[in-house]
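Trainee: I have a new structure to get to know. Could we go through it together?

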Amino acid sequence: MVRPSRSYRVFQGINGAVLTLVVIVTLYPFVNIIARSFSGERHIRAGEVTLWPKGFDLTTYDIVLRDAMFWRNYGNTVLYTVVSTVIAMTLTTCYAYVLSKRHLRGRGVLVGIAVFTMFFTGGLIPNYVLITSLGLKNTVWALALPNAISVFNLLVMKAFFENLPSELEEAAQIDGLSTYGILARIVLPLSKAVIATMVLFYSVSFWNSWFGAFLYLDRTELMPVTVYLRNLIAGATGGGNAGAGTEQLTQVAANIQAVTIVLTSLPILCVYPFVQRYFVSGVMLGAVKG
Amino acid sequence: MTTPTVGARRTWRQALRRDWQLYSLAVLPLLFFLVFRYLPMIGNVIAFRRFEPGGSIFGEEWVGLRYVEMFLGDPTFWQVFRNTLWIGALTLVFCFPIPIVLALLLNEVRTRALKRFVQSVSYLPHFLSIVIVAGITLQMLSTDGPVNHLLGWFGHEPIRFIQEPEWFRTIYVGSEIWQTAGWGTILYLAALTTIDDDLYEAARIDGANRWQQIWHVTLPGIRPTMITLLILNIGTFLAVGFEKILLLYNPLTYPTADVISTYLYRTGVESNSFSYAAAIGLFEAVIGLVLIITANQLSRRTVGTSLW
């Protein structure tokens, strides 16, 4: 190994500084929002809140956490995520398995039907017209069905199935197992890793989505929590201020957005450290193929 | 095969008999693609037909190019078209190269733990809902937020960023970088690990310094990844972050913030001019398709890398 030169050590120093700056710029907004969510109204208005709470105050948390609509919307998010993910996993797994069979007649066409939709889509208006005329508005199906297959996820799964050793399936076939049996009893148990990754991909994207709900759901009690937050940001509602006294209102107005941002991102922030690597490996899997 | 049609028919019958269970698994997914992907594509005919809410999704009667002529003569359309080009161009210029630079910097970090930490932190914004990202952006830029706080240190008056049209593009691109730069490094970092160490060794023996090694070994090593992502970025050039703009803009910033997709959303869904909005949407989708095909052909001819 050659001894690092002086200029290289300088470069390493600068590199370290730049990356530290990247970390700070990425994290500071979170730190500031959290500090703001616990701060008193006067300190927020004066722009004094930076890294930690000033004039500690829990009024807004208290009010948002006692708001029935907030919890209802949170429940909706959980429900919509579970239903949508189950449907998406079923359809994606079935189709990916079919596409992974190289001997299958018409396989190229079946792949083409899926891949073409990556480059050309119907667009917002025809989709809106379709969902409306199917009578799916104000139901969970308007959110789940149109997003049942992500072609990217489909290709990742297909690549995974293609790389499974074919001997096991052939042996099972000789033992008289049907295609359904092979899929359920041989292939799926071998695919736990990719299934876990796909469940994560789908559930995070459904959990985070808001526009479908905004477009197709009309009533507040049907909204997911992302739309609850969106309405707060857009100033469309006063948020959970029902039952708040007048002196509480100024406090709530000052940091209800910060409080709601903290409360809605909390679940993602909690699971993030544990699931991050599955995401990375899933993307790699797709990149090798795609 | 002497008689291709008979042969094909026979093998299709054989294939169905042999693999009917596999084909049966494809039925529901195919139904999904048909109803939720291909029907809306056909539904674009309402761009050329009169449409009545509650009527057929394919419209009532042909009106020819009336709606196309309508938007081509609409000054607001040209304004949102210009805004789209501006925002698309700025996004491409900033959001495409920054992950490459970041990946190269990360690649030079010799401490594994430090590299891991920076990566984990920089991926984080990618996992948050766009609503949360928009909420954070607006909070950072509010008159009592940290950005104005920083400006205050330099004796600057607070700026009402969110109401000023001249700030919108900066805000949009900035928030896009914050959200996507870290995650964008993943594919480059993967490509960087595949570069053979012998190439660096050979370059060193030839007397290349570190910059020359980056220029002659590292960059060519990640070139296929760069080009693939560039083609994809060009293909989605017009499809600028619709949801984010919808969350960040307001009537005061329409002069710079309103783009094709937000405009067609407002005319279509909010004002019920479905055919008019569909015509604009079709225009955008066709340009998108043309862009990606052109970029793909160009890159196949010039550098030999292409998506298909």
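Mentor: Let us begin inside chain B of this predicted model. Eight residues of domain 1 of chain B are in contact with six residues of domain 2 of chain B.

Trainee: By class, what is on the side of domain 1 of chain B that touches domain 2 of chain B?

Mentor: That side of domain 1 of chain B has four nonpolar, two polar and two charged residues.

Trainee: Where do the domains of chain B begin and end in the domain assignment?

Mentor: The assignment gives residues 4–62 as domain 1 of chain B and residues 74–302 as domain 2 of chain B. Taken over C-alpha atoms, the centres of these two domains of chain B lie 35 Å apart.

Trainee: And which domains does the assignment give for chain A?

Mentor: For chain A, domain 1 is 1–57 and domain 2 is 59–290. Their C-alpha centres are separated by 32 Å. The contact takes nine residues from domain 1 of chain A and nine residues from domain 2 of chain A.

Trainee: Which elements give two or more residues to the side of domain 1 of chain A that touches domain 2 of chain A?

Mentor: They are α1 (6–37) and α2 (41–45) of chain A. The largest share, four residues, comes from α1(A). By class, this side of domain 1 of chain A has three nonpolar, two polar and four charged residues.

Trainee: Let us move to the two chains. How many residues of each are in contact?

Mentor: In chain A, 68 residues are in contact with 71 residues of chain B. Helix α14 (residues 246–289) of chain A gives the most to the side of chain A that touches chain B, with 12 residues.

Trainee: What classes of residue make up that side of chain A?

Mentor: The side of chain A that touches chain B has 45 nonpolar, 19 polar and four charged residues. As for the confidence in the complex, the predictor gives an ipTM of 0.90 and a pTM of 0.89.

Trainee: What about chain B by itself: what is its mean pLDDT?

Mentor: The mean pLDDT of chain B is 89, and 97% of its residues reach 70 or more.

Trainee: Which elements of chain B have the lowest and the highest mean pLDDT?

Mentor: Helix α1 (residues 4–43) of chain B has the lowest, at 86, and α4(B) has the highest, at 94.

Trainee: Then tell me about α4(B). Which of its residues are buried?

Mentor: Helix α4 covers residues 97–107 of chain B, and Pro99(B), Leu102(B), Ala103(B) and Leu106(B) are buried there. Seen down the axis of α4(B), these buried residues fall within an arc of 100°, so they line one face of the helix.

Trainee: Is there a general reason for such a pattern?

Mentor: An α-helix has 3.6 residues a turn, so residues three or four places apart point the same way.

Trainee: What do the buried residues of α4(B) pack against?

Mentor: They pack against α1 of chain A, and also against α5 (112–123) and α8 (168–193) of chain B.

Trainee: Now the nonpolar cores. Which residues touch the most other members of the largest one?

Mentor: The largest nonpolar core has 111 residues, and Ala279(B) and Ile280(B) touch the most other members. Helix α4 (residues 68–99) of chain A gives the most to this core, with 10 residues. Apart from this core lies another, of 16 residues, including Leu102(B), Leu106(B), Ala181(B) and Met226(B).

Trainee: Leaving out residues up to four places away in sequence, what does Ala279(B) touch?

Mentor: Ala279(B) touches Ala47(B), Tyr67(B), Val68(B) and Phe71(B).

Trainee: A last topic: unusual backbone angles. What is notable about Asn138(A)?

Mentor: Asn138(A) is not a glycine, yet its phi is positive, about 65°. Most residues other than glycine have a negative phi. Asn138(A) lies in the loop between α6 (124–133) and α7 (141–144) of chain A.

Trainee: Is Asn138(A) buried or exposed?

Mentor: Asn138(A) is exposed, because 12 other C-beta atoms lie within 10 Å, and a residue with 12 or fewer counts as exposed.

Trainee: What is the phi of Asn272(B), and where is this residue?

Mentor: Phi of Asn272(B) is also positive, near 60°. Asn272(B) is in the loop between α13 (260–270) and α14 (274–302) of chain B. With 11 C-beta neighbours inside 10 Å, Asn272(B) counts as exposed.

Key: Residues numbered from 1 in each chain as written. Chains lettered and ligands numbered in written order. Predicted model: local features only at pLDDT ≥ 70, side-chain atom pairs only at ≥ 80, totals over all residues. Core = buried A, V, L, I, M, F, W, Y, C linked by C-beta atoms within 7 Å. Buried ≥ 20, exposed ≤ 12 C-beta atoms within 10 Å, placed from the backbone. Contact = placed C-beta atoms within 7 Å. Nonpolar A, V, L, I, M, F, W, Y, C, P; charged D, E, K, R; others polar. Domains from an automatic or database assignment. Arc of directions from axis to C-beta. pLDDT = per-residue confidence, 0-100.
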